[in-house]
Every structure is written in C-alpha cells, then in structure tokens.
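Biologist: Could you take one part of this model and go through it closely, keeping the surroundings in view as you proceed? I would like a single connected account.

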Amino acid sequence: MFAERLYCGKLTRSDVDKEILLAGWVDRRRDHGGIIFIMLRDVSGIVQIVADESLNRETALIADKLRNEFCICVKGTVRLRGSESVNPDMKTGEIEIVASSIEILSESEVPPFQIETRDHIHEDIRLKYRYLDLRRENMQISLIKRHEMMQTTRNYLVKNNFIEIETPVLNKSTPEGARDFLVPSRLHGGQFYALPQSPQLFKQILMISGFDRYFNIVKCFRDEDLRNDRQPEFTQIDMELSFIDQQMIMKIIEGLLKDIVKTVTGKEIGSDFPVLSYEDAMERYGKDAPDTRFGLELLTVTDIFKDSEFKVFKNTIDTGGVIKVLPVESGDKITRKMLDDYTEWVKIFKAGGLPNCRFRGGNFEGGISKFLSEDEKKKLIEKCTLKDDTVLFFGCDRKQVVNDSLGNLRIKIAKDIDIIDQEKLNFVWVTQFPLLEYSYEDKRYFAKHHPFTAPAAESMDKLNNITPENVDDILAQAYDIVLNGVEIGGGSIRINRPEIQSRMFDLIGINEEEANEKFSFLLDALKFGAPPHGGLALGLDRIMMILLQRESIREVIAFPKTQRGQCMMSQAPSAVAKDQLKELSLRISEIKND
RNA sequence: GGGGGUGUAGCUCAGUUGGUUAGAGCACCUGCCUGUCACGCAGGGGGCCGCGAGUUCGAGUCUCGUCACUCCCGCCA
C-alpha cells in the first residue's frame with residue numbers, strides 16, 4: 001500500500017497533476033465549514049491538503065474528524081494554488097494536494113504540548129515525551145544535520161586512507177582521569193568492567209598493529225557532574241595516525257572541520273586556522289580555550305604597580321601574585337549597577353573583589369583612581385593604548401584566580417554589551433601545553449593531557465630536573481582545537497618508546513607495579529616496534545551544538561540525560577531485582593545520594 | 001559538596017501591600033463558516049498555585065524545610 005508513497009516536503013510545482021500518496025501526521029487543521037485544510041507533516045516537511053466537501057463528501061467527513069498528531073494516509077492530486085493563495089513562507093507553498101481519500105492510520109490523544117508552538121517548552125516535559133519533542137522542526141533539523149555531519153566525516157576520513165575500527169565498550173578501569181562508569185562482571189564475581197572514557201589505549205595498540213590511520217565514531221562515558229555542554233555519555237570522532245607529526249595532524253583535522261562546517265552550515269572557511277600557544281592564550285584571554293570572536297584582551301600590568309600605594313595591589317605583588325587589567329572600550333555601556341554586579345560575580349572564581357576605574361577625558365575617575373600615581377597612569381595609558389571612555393577592570397591575586405575571574409568576566413561583558421557576532425566561526429589551535437602540572441595539595445605531578453603524551457623534543461632534557469617551579473617550562477606535543485571559546489577536540493603525539501613511557505609513569509607517581517598491573521599490555525606492545533604516532537578526538541556533540549547555535553548539548557542528542565543523569569523518558573537509572581544482584585555477587589549496602 | 005534561577009490550567013506565562021469567586025494567550029470541547037495558512041466568530045469545560053510544616057483572623061503572595069528542572073563553582077587527564 002505504501003510502495004508509491006512520496007515525501008510531503010519534496011513536492012514542487014513539477015509534480016502538478018500527479019496522483020500521489022502521502023503519509024504523515026496532522027500538523028494543523030483549519031476547518032472552514034465546506035472546505036478543510038490539513039497541514040500534513042512527515043520527516044521531509046509539510047504540505048497542504050485540501051478536503052473540499054463539494055468535490056468529495058466522504059473525504060470531507062473524515063477530514064472533519066482529524067485532530068492534531070493523528071497519523072494519516074492521503075491520496076490525492078497535486079494542484080497549483082491560485083495566485084492569491086500561494087504561501088511564500090512555505091517551501092511547498094505554491095502547491096496543495098486535493099484529497100481523493102484520507103485514511104486514519106492511528107489516532108492521537110491531545111499531546112501534552114503543542115508540536116508546532118513557538119513557546120519555549122520546559123525541558124523536563126520535552127524529555128519525558130521526547131518522541132513528541134523529536135517531531136518538532138528544530139529537533140528534526142538537529143538529528144538530520146548530525147547524521148549528515150557523520151556522513152561527511154566518514155567520507156573525508158576514508159578519502160584520506162583512514163580505516164574505521166570499533167573498540168570495546170567493556171573495558172578496564174584505569175587510574176587518572178574522570179570517574180569511571182562500572183559494569184559488574186557475572187563470570188568474575190566481585191570484578192568490574194569500566195566503560196571507556198575514550199578508546200585511548202586501544203587506538204595506540206592499533207597503531208602498533210600497523211593500521212596506520214584509524215578512526216572510530218564512538219560513545220565515551222565519564223561519570224562526572226554535568227554542564228550544558230557535558231553529558232555522561234557523548235560521542236567522539238576518535239582518530240590516530242602513524243608516521244606523522246603535529247603539523248600533519250593539524251592540517252588533516254582542519255580539512256575535516258572545514259568539510260563539516262560546509263555540510264552543516266553551508267559556510268566556507270577559506271583561511272588556515274590560527275595557532276596560539278597555551279601561554280599566549282592564558283596571557284591574552286585567561287583561558288586555554290579562548291573565544292576570539294571579539295577583542296577585550298587582558299594585559300599583565302604587575303610591573304606598573306610594583307611600587308603601588310594601593311595596598312591591595314601591593315600585597316598581591318608581595319605575595320607572588322599578578323595584576324592584570326581588562327580594558328573595556330565604549331565604557332558608556334557599563335553602568336554603575338553593572339560594576340556592582342560584576343564585583344559580586346567574580347567572587348564565583350575566588351576573586352576577592354574587582355578593582356576598577358574609568359578613563360574619560362584624559363583622566364582616571366571613580367573606583368581606585370585615587371590610588372593611581374601619575375607615573376602609573378601614564379604607563380597604563382601607554383600599555384593599554386587607552387581610548388577615551390574606557391572602563392578598566394583589574395584582577396589581582398594568584399595567577400590562576402586572576403585568569404579565571406577576568407577570563408570569564410571578559411566573556412560575560414562581551415555578551416552583556418552584545419559585541420559577539422553570532423555568525424562567526426572562529427577556530428583556533430592551542431599548542432605548547434605544559435606536559436605536567438604540580439598539585440601542592442597532593443604533593444605530586446599530574447599529566448595535563450594524559451600520561452601517554454610525548455614531551456616536546458626540546459623539553460626531554462628537563463624531564464630529569466623537574467621541580468614544582470619549572471614544571472610549566474616542560475612542554476608537551478599536545479594540541480587542542482577550539483571553536484568560539486569551546487574546546488571541541490584535543491590530542492597529542494604519543495610516547496612510542498617504553499623507557500620514556502616508564503619515566504612518565506614514574507613522574508606522575510604510578511609505580512612500576514601499578515603501571516604493570518594497569519598498562520602492561522601497552523608497555524609490552526611498545527617493545528615490539530611501535531611506530532611514531534599521535535592522534536586527536538573531536539567532540540561531535542559540542543561541534544553540532546555550536547554549528548547549529550543551540551543552547552545546550554541536549555539539543556543535538558536524541559535521548560539525553562538530565563543534569564542529575566536521569567532519562568526522563570525511560571526513568572533510567574533504576575533499581576534491579578534481587579536475583580540480578582545475586583547473580584553479579586552484589587549486595588546494596590548504604591545508599592549514598594550526594 | 002556549594003551558589004544562583006525557575007516551579008500557578010494540558011502548554012507558555014501574569015498575579016499589586018497578605019484580603020471577595022486565582023486570570024490571559026494558545027491548546028481542548030460544542031456550534032457556525034468554501035481559500036485559509038499562528039484562519040475567523042460565538043459559547044463552554046478545565047486549578048493539590050511543586051510538596052510539607054510554620055506565622056496570621058486570613059497565604060499563590062511572608063518564614064523554614066524539602067523535591068524536580070536548569071545555569072554556574074568544585075569535578076571533567
């Protein structure tokens with residue numbers, strides 16, 4: 001019966017006079033008494049059906065019974081609309097279908113929310129009835145574009161000699177990194193698999209096996225608290241290559257991202273992606289994932305204030321802190337109230353306050369201006385090339401607090417004064433990351449990227465003389481790709497020599513015994529002619545979210561979890577039967593909820 | 001673990017200083033209507049004001065607690 005079925009949204013004036021069959025859902029019904037218009041929707045779009053009592057009484061009677069979201073099948077003839085009734089806002093607005101028969105395939109209750117409404121429906125109810133939410137245009141676009149992006153990715157990578165290989169989902173729990181989701185083993189009571197945070201080790205093993213270009217569009221799992229761009233399970237485009245260097249990988253990924261942007265948005269990105277060092281990114285933007293769509297760059301002014309009379313600055317410098325300034329031009333857009341709000345807001349990032357002042361008519365006024373010496377004023381004007389009517393926000397604290405507070409304030413102000421061009425897609429590579437960072441609390445080093453990242457060639461010597469003070473000088477062959485201030489991917493050249501890998505474990509406090517227990521297969525594999533290799537993983541969900549300008553990652557995932565990790569539709573997670581637990585050698589002790 | 005926002009009809013929201021019977025738009029139901037396209041017109045039904053305590057003569061409104069969703073800090077190599 002459905003063999004001849006056509007798609008609503010694909011019909012054009014070239015189909016006029018054809019007898020056709022359509023199937024879909026009633027998007028809307030407009031009853032004019034003798035004539036009823038039905039907007040019929042399927043995955044391709046919407047077309048107008050006309051049931052005319054004077055032409056076909058039986059069909060008009062069925063049309064009278066139709067309600068929103070009924071699933072129906074329509075036979076009819078495509079007809080050109082009269083010139084006055086053309087709807088230029090509709091893709092199929094030039095035509096309509098005169099129904100010769102309508103069959104109700106399945107009735108619908110009144111939906112809990114209107115599918116075609118312009119209201120912003122609360123997310124919990126959308127997620128509970130996700131099957132209805134997914135009928136809405138925005139979600140259909142999301143999922144279809146996501147599919148197209150995956151197709152583009154496969155085409156591009158296959159063209160570049162990549163081989164798609166699947167890696168296991170049931171895996172081994174490893175130290176470091178995010179909290180693992182665990183899966184109890186029935187055959188090995190008391191033991192657990194872990195779901196992969198990424199297929200890191202397996203893809204390196206594949207390089208050693210000789211598959212010199214691997215990719216995998218793969219689910220990854222991290223049991224950490226959620227954000228609007230973080231889900232417990234998410235999708236990575238995972239890649240690894242042998243016989244390459246950092247520049248080659250960056251070139252290949254640039255090509256892929258340009259193809260993806262073209263597919264999803266239709267935009268062409270002509271130029272090469274700019275490259276920033278981690279140090280420059282932190283200095284100018286206060287973040288390792290800078291949003292370069294607007295200016296408002298930070299400047300370090302510690303030197304200018306080394307003899308400051310302003311106690312707060314003086315104390316900061318004396319205790320080894322730094323002073324940075326965020327100059328905001330068009331200062332007239334910054335009201336007194338905003339100054340107060342920002343001062344309160346930066347406390348989120350542990351800043352004690354937000355010293356500020358205005359530069360207007362050649363003078364500094366308000367805020368801390370009375371503490372500024374003539375010399376300091378002169379140097380500020382010079383260093384910041386101050387224009388008239390600029391508000392200066394100062395950060396003075398430990399370097400990290402200053403970067404956190406001013407880096408985030410920079411973005412907040414840009415949004416508040418509306419200087420971000422939403423159409424821009426600013427990619428930027430961030431490179432030259434430190435290999436390690438030192439935690440004073442744990443009194444040990446941690447891998448900044450992950451423990452398999454190769455040190456930069458020029459940093460190899462320093463590895464043996466590492467101290468908490470010089471740890472930032474030891475660089476990694478790691479690179480992140482950032483889009484509009486969001487980290488959408490990252491990777492590194494890996495260690496391919498066992499003695500360096502052992503040294504690395506040693507540095508981050510994984511002793512030989514532990515390294516052997518957790519990673520012996522990698523350490524062993526490295527002994528059998530491991531090629532130089534490296535790779536990168538892209539966050540598919542995040543890329544889609546940005547390219548489609550969606551407010552959250554959940555808008556590009558068919559069945560996402562809420563912030564507390566639940567599925568509103570299936571009600572997962574849930575308790576299980578005692579028998580299931582017993583089979584797994586498990587017993588619930590105390591229930592811990594936050 | 002911590003901070004902010006939201007929660008009133010099926011949906012989106014308004015609800016003044018604590019004061020009569022809690023409103024609007026959309027949706028829904030009935031009737032009318034032959035060119036609409038967010039159709040129109042007339043009529044109608046629909047409320048645990050998230051939940052629980054408290055203050056008060058009186059609570060949607062004030063206080064405390066609690067739950068859900070959401071944004072953020074911590075966390076996420």
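Modeller: In this predicted model, L105 counts as partly exposed because its relative accessibility is 33%, a value that lies between the 20% bound for buried and the 50% bound for exposed residues. L105 is found in strand 5, which covers residues 95-106, and together with M1 and F2 it forms a nonpolar patch on the surface, the accessible area of the three adding up to about 300 Å². In the domain assignment of chain A, residues 2-106 make up domain 1, whereas domain 2 is built from two segments, 140-276 and 427-557, and domain 3 takes in 294-416. Between domain 2 and domain 3, the C-alpha centres are 37 Å apart.

A contrast to L105 is offered by S185, which counts as buried because its relative accessibility is 5%. S185 is placed in the loop that runs between strand 7 (182-184) and strand 8 (192-194). A polar atom of the S185 side chain lies 3.5 Å from the backbone nitrogen of L187, and, once neighbours within four places in sequence are left aside, S185 is in contact with Q191, F192, Y193 and L584.

Turning to charged side chains, a search of the whole structure finds 45 salt bridges. One of them pairs K262 with E268, with 3.7 Å between the closest N and O atoms; K262 is partly exposed because its relative accessible area is 37%, while E268 is exposed because its own value is 64%. Another salt bridge joins the side chains of R497 and E499 at 3.0 Å, N to O, and here R497 is partly exposed, with a relative accessible area of 44%, as is E499 at 46%.

A further salt bridge links R503 to D506, where the closest N and O atoms are 3.2 Å apart. Both R503 and D506 belong to helix 12 (residues 498-507), and the three residues that separate them in sequence correspond to about one turn of that helix. R503 counts as partly exposed because its relative accessibility is 25%, and D506, at 47%, likewise counts as partly exposed. Elsewhere, salt bridges with shared partners connect R126, R130, D133, R136 and E555 into one network.

How values were computed:
Residues are numbered from 1 along each chain as its sequence is written. Chains are lettered from A and ligands numbered from 1 in the order in which they are written. This is a predicted model: local features need pLDDT of at least 70, side-chain atom pairs count only at pLDDT 80 or more; totals for chains, interfaces and linings use all residues. Side-chain values use heavy atoms; hydrogens and water are left out. Patches are made of residues with over 30% relative accessible area and no salt bridge: like charges are joined within 9 Å, nonpolar side chains (Val, Leu, Ile, Met, Phe, Trp, Tyr) within 5 Å. Accessible areas come from the Shrake-Rupley method with a 1.4 Å probe; for residues, only the protein chains shown count as cover. A salt bridge is a side-chain nitrogen of Lys or Arg within 4 Å of a carboxyl oxygen of Asp or Glu. Helices (H or I, at least four residues) and strands (E, at least two) are DSSP runs, numbered from the N terminus. Buried means under 20% relative accessible area, exposed over 50%, partly exposed in between (1.4 Å probe, protein chains only). A polar contact is a pair of N or O atoms within 3.5 Å; within protein, one must be able to donate a hydrogen and the other to accept it, and residues adjacent in sequence count only if both atoms are side-chain atoms. Contact means heavy atoms within 4.5 Å. Domain bounds come from an automatic or database domain assignment.
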